[in-house]
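Here are a few short exercises to work through with the structure open beside you. Try each task yourself before reading its solution.

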Amino acid sequence: MTHAEAAVPGATGESYLDHGRGIRSWLLTLDHKRIGIMYLVLIVVSLFLGGIFAMVVRFHLWNPGGGLVSNDAYNKMFTLHGAVMIFLFVIPGIPSALGNFVVPLQVGAKDVAFPRVNLLSFWLFAAGAVLFVATLVVGGLDTGWTLYPPYSLESSRGLGILLALTGVFLAGFSSILTGVNFIATIHKMRAPGMGWFDLPLFLWALYATAIIQIFATPVLGITVALGFLERLFHLGIFMPEYGGDPVLFQHFFWFYSHPAVYIMILPAMGIVSEVVSVFSRKPIFGYRFIAMSSIAIAVIGFLVWGHHMFTSGQSKWTNVIFSFLTLLVAIPSAIKTFNWLATMYKGAIVLKTPMLYVLSFFAIFGVGGLTGLFLGALATDIPLHDTYFVVAHFHFVMVGAVMIAFLAGLHYWWPKMTGRMYDERLGTASAVLVFLGFNLTFIPQFFAGVAGMPRRYATYAAQFQGANRLSTVGAVVLTTGLVIALWGLLASLRRGARAPANPWGAASLEWTAASPPIHDNFAVPPRGGRPYDFGGLRLVSDEAGWVRAGGEGA
Amino acid sequence: MSDPATGHAPAGPAAPGSTRFLAHHFPSMEAQLDTSKLGIWLFLGSEVLFFSGLFTAYGVYRANHFSLFHYAHHFLDWRMGALNTVVLVLSSLSAAWSVRCAQLGQRRGLNATLLLTLVLAGVFLVVKYFEYSHKLHNGIAWGAACRPSEAILSTLPPDVRALPVPKDLGTFFSIYYLMTGLHGIHVLVGMGLYVWLLGRAGRGDFGPGYYVPVDSVALYWHLVDMIWIFLFPLFYLM
C-alpha cells in the first residue's frame, strides 16, 4: 500500500472484505487479514486431506491382517498423513492463519511490520503445499514423516522424497518469515500506552513461538537441503554407504522438530488463555506467570531434542541429561494449567462453543502432558519407544490439544473475521462429538501401546483387534464432529446473524474494531488498555453486543 | 524489508522529514527504520542458524576423522583464501561506508561505495571460480567422486605426499563444497541486492531521510563476510 492510497477519503468505512474486489485483490493482497484468511483456507483443506489419509489408515487397521489397501499403500498413507498434518496443518495452523489475522488487531496496528514479507511467506507455504500434493502424483512417499535416512535417501526411493524435502524447505522458510513479522510487530507496533505486560497472552504465546520459528526452523532447512543433495550427489553426510552418519540427521531433524512441537502447542495455549478468561468473566489468573512460562517453554524446548533418540545409540550420559532437561518442560506447562484452572475458580462460566473446546483442551492436554513424562523418563521410554503409546501421546498433544484449541480460536474469532455469528447449537454439537470421538480414538491406543503393539505396522497381532476397532469407530465420530464444525461455520456465512463488534464481552483491542474490521483495522488509532479488565463491559443486546460503560473505549 | 513506493521519484537525495517512502502502517520514518532494523537482525539470526548445521557437520566429522581433515587441507591454497579474506573485508568496509554516505546525503560517494562493494564481491567469486575449477579438473570432487589426480598430489608437501590417500577424502570436500558453496550463493544474492541498490541510488531514492535498504543490505553483507572469516581458518589453515 502506498502512502497516497491510504489517504483516499472514504476508504475507511468499508470492511476489509469489500476493500478491493476480484481474485487479484486477494492473491496479491498485502492486508494481513486477507492473508490470514487465505492461510485459513489452505490449512483447513490440508486438515481434511490429512484426515482422509488418517481414515484410510484406520479402516485398514479394522482387521489384524489389514486388507483395505496394500501394505505398501498403507506405508504411504501413514507417511502422508503425518507429513501433511504436521507441516501443513499443526505447525502453521494457529500462527499463520489465526495469528496473521489477530496479531495486528491485538496490538492496535494497521498491519504486520512487513506486509510484503507476509505475502511472500504465504506463497512459499502454498508452493510447499503443492509439492506435498505432487508427491502423491509421482508415487507417494513411504518413509514416515520423520524422513530418516538411510532408508529415505536410498536411490530406489524415487522422486517423492525430493519433492517432499523441497516442500518442507519452502514451508519452513514461510514459517521463519512469519516469525520475523510477529516479533517485529509485537516489539515495534504496539498501540500507545500498551506496555509489555498489557499484551494479550495470545501475543506472548506467539512471541515465544516466533523465537522458535526463527532460530530452529533454519536448521530444518539446512537438514532437508543436505538430504536433497545427498540423495542426488552422494555427498557422504548422512548415508553410511558413502561415509556419512545417519544419526547426525536425527540430531539435526529433532533440533528443529522437537522445538516444533512448541511451535504447535504454544499458540494453542495462547488461545486457551484468551478464551478461558473471557468465558469465565474473570481476569486471567497469574498473567505474568503464564507469559513467562511461554518464554520458558520456548527456551527449554531447544535443549531437549535428544529424548527422541534414546534408542539411537547415543551415549548413556547424553540420554540421562536429555531426560532430565525434558522433565523440566513439565514445570512451565503445569504453571499454565494451574493458572487456567484458577482463572475459572469462582468465575461466571459461559459454556459457549469456544469455552467447550477449551474445557476439552484441559482434559486432553492434562493426559497428553502427563503421558509425555512417561516418555521423557528414560527407564519407561525404552520399552514404550515406537509403540502405540507414543502415537497416542503425541495425538493427545497435537490433535487433542492443538487442533481443539485451533477450533476454539476459530469459533472465538470467527465473528471478527467474517462479521457473522456461527450457529451455537451446531458449535456445541461439534465440540461434544470431537471430544468424545477423540478420546474413543486414542485412549485405546495407550493400552495397545503398553501391551506392546508397535507403531506404523500394516498388520498386527489378533489380541489388539478390540483396541483398533474402538479406535476406528472413534475416528468416525471425530470426523463427524469436524464436518459439523465446518458446516456450522460455512453455513453462518449465508445465514448467520450479523456479529456485533464485541459479541463475547472481551477486553482486548481486536474487539474494539468493527466486525469485520475495516481495511486499516481501526477508524481511530486505539490506545492500549488492560486486556483482561472486564469491569464496565455490559451486554446491551445480542445484536449490539457488549459495550464499555463510560464510553472511554478499551 | 521496508515497503517503499518505487518509481516516479524526483531527483535529489531523500531529505530528512520526507515521507515519500513511508509505508501506510507506520506512524513515522523513525518507527519504520527501527522496525526494519529489528526485522533484518532477526533474519540474520535465522541465517546464522541456517549455517550452523553445516558448522556442526564440520565439527562432528573433524572430530571423528581428524587426520583426514588435516591431510585434506593441504589441497587448499591458503594464499587464495587469504586474498579472498582481504577482498571481503574491504568490501565490508565499503558497504559500511555506503551507509554513511546515504545518511549524509552524499550521492557520489554512495554510488562509488555501492559499486566498489559490488566489484569486490565479483572479485571474490572470480577467485573462488579459479579455486573450484582447479580442483575439479584435478579430480577433487565431493563424496565418492573424489579421486585426486597425480598432478595435484605432486604439489603436496613431501611429508604429506608420502602418506596414502585416505579412503573418505571426499567427505572433507563434500563439506568444503557445501559450506563455501552456500556462502557463494549468499555472495551472489548480495551482488543482486547491490545491483538493485545502485539502481535506486541512481534515481536518488536514498538520503538522510531514507536509507533503510542500504543499511539492511550492508548488515546482510557483513554477515556474509563474517561467515567467510570463520570458513577461511577452518578449511585453509587447520
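**Exercise 1. Find which residues of α4(A) and α8(A) meet, and sort them by class.**

Start with α4(A): the residues to pick out in this predicted model are A:Val90, A:Ile91, A:Ile94, A:Pro95 and A:Gly99. Now turn to α8(A), where their partners are A:Ala260, A:Ile263, A:Met264, A:Pro267, A:Ala268 and A:Ile271. Finally, sort the residues of this contact: 10 are nonpolar, one is polar and none is charged. Gly counts as polar here, and A:Gly99 is on the α4(A) side.

**Exercise 2. Describe how the axes of α4(A) and α8(A) cross.**

First locate the two helices in chain A: α4 covers residues 71–107, and α8 covers residues 246–278. Their axes come within 8 Å and cross at roughly 40°. Angles under 35 degrees would count as roughly parallel, and 65 to 115 as roughly perpendicular. The angle of roughly 40° fits neither range, so α4(A) is oblique to α8(A). Last comes the hand of the crossing, which is left-handed.

**Exercise 3. Which residues touch the most other members of the largest nonpolar core, and which helix gives the core its largest share?**

The core holds 241 residues, and those touching the most other members are A:Ala268, A:Ala401 and A:Val402. The largest share comes from helix α14 of chain A (residues 388–418), with 22 residues. Next, follow the contacts of A:Val402. Leaving out residues up to four places away in sequence, A:Val402 touches A:Val90, A:Met264, A:Ile265, A:Ala268 and A:Val397. You have already met some of these names: A:Val90, A:Met264 and A:Ala268 also take part in the contact of α4(A) with α8(A).

**Exercise 4. Summarise the fold of chain B.**

Begin with the elements: chain B has eight helices and zero strands, giving the pattern α-α-α-α-α-α-α-α along the sequence. For its dimensions, the C-alpha trace spans about 70 × 30 × 25 Å along its principal axes. Of the 238 residues in chain B, 39% are buried. Then consider contacts with a separation of 6 or more: 79% of them join residues 24 or more positions apart.

**Exercise 5. Work out what chain B brings to its contact with chain A.**

Count both sides first: 30 residues come from chain B and 35 residues from chain A. On the chain B side, the elements that give two or more residues are α1 (29–64) and α7 (169–202). Of the chain B elements, α1(B) gives the most, with 16 residues. By class, this side has 14 nonpolar, 13 polar and three charged residues.

Terms used
Residues numbered from 1 in each chain as written. Chains lettered and ligands numbered in written order. Predicted model: local features only at pLDDT ≥ 70, side-chain atom pairs only at ≥ 80, totals over all residues. Axes fitted to C-alpha atoms, helices over the stretch in contact; angles between N-to-C directions. Helix = DSSP H or I, 4+ residues; strand = E, 2+ residues; numbered from the N terminus. Parallel < 35°, antiparallel > 145°, perpendicular 65-115°, else oblique. Left-handed = near helix turned anticlockwise from the far one by under 90°. Contact = placed C-beta atoms within 7 Å. Buried ≥ 20, exposed ≤ 12 C-beta atoms within 10 Å, placed from the backbone. Core = buried A, V, L, I, M, F, W, Y, C linked by C-beta atoms within 7 Å.
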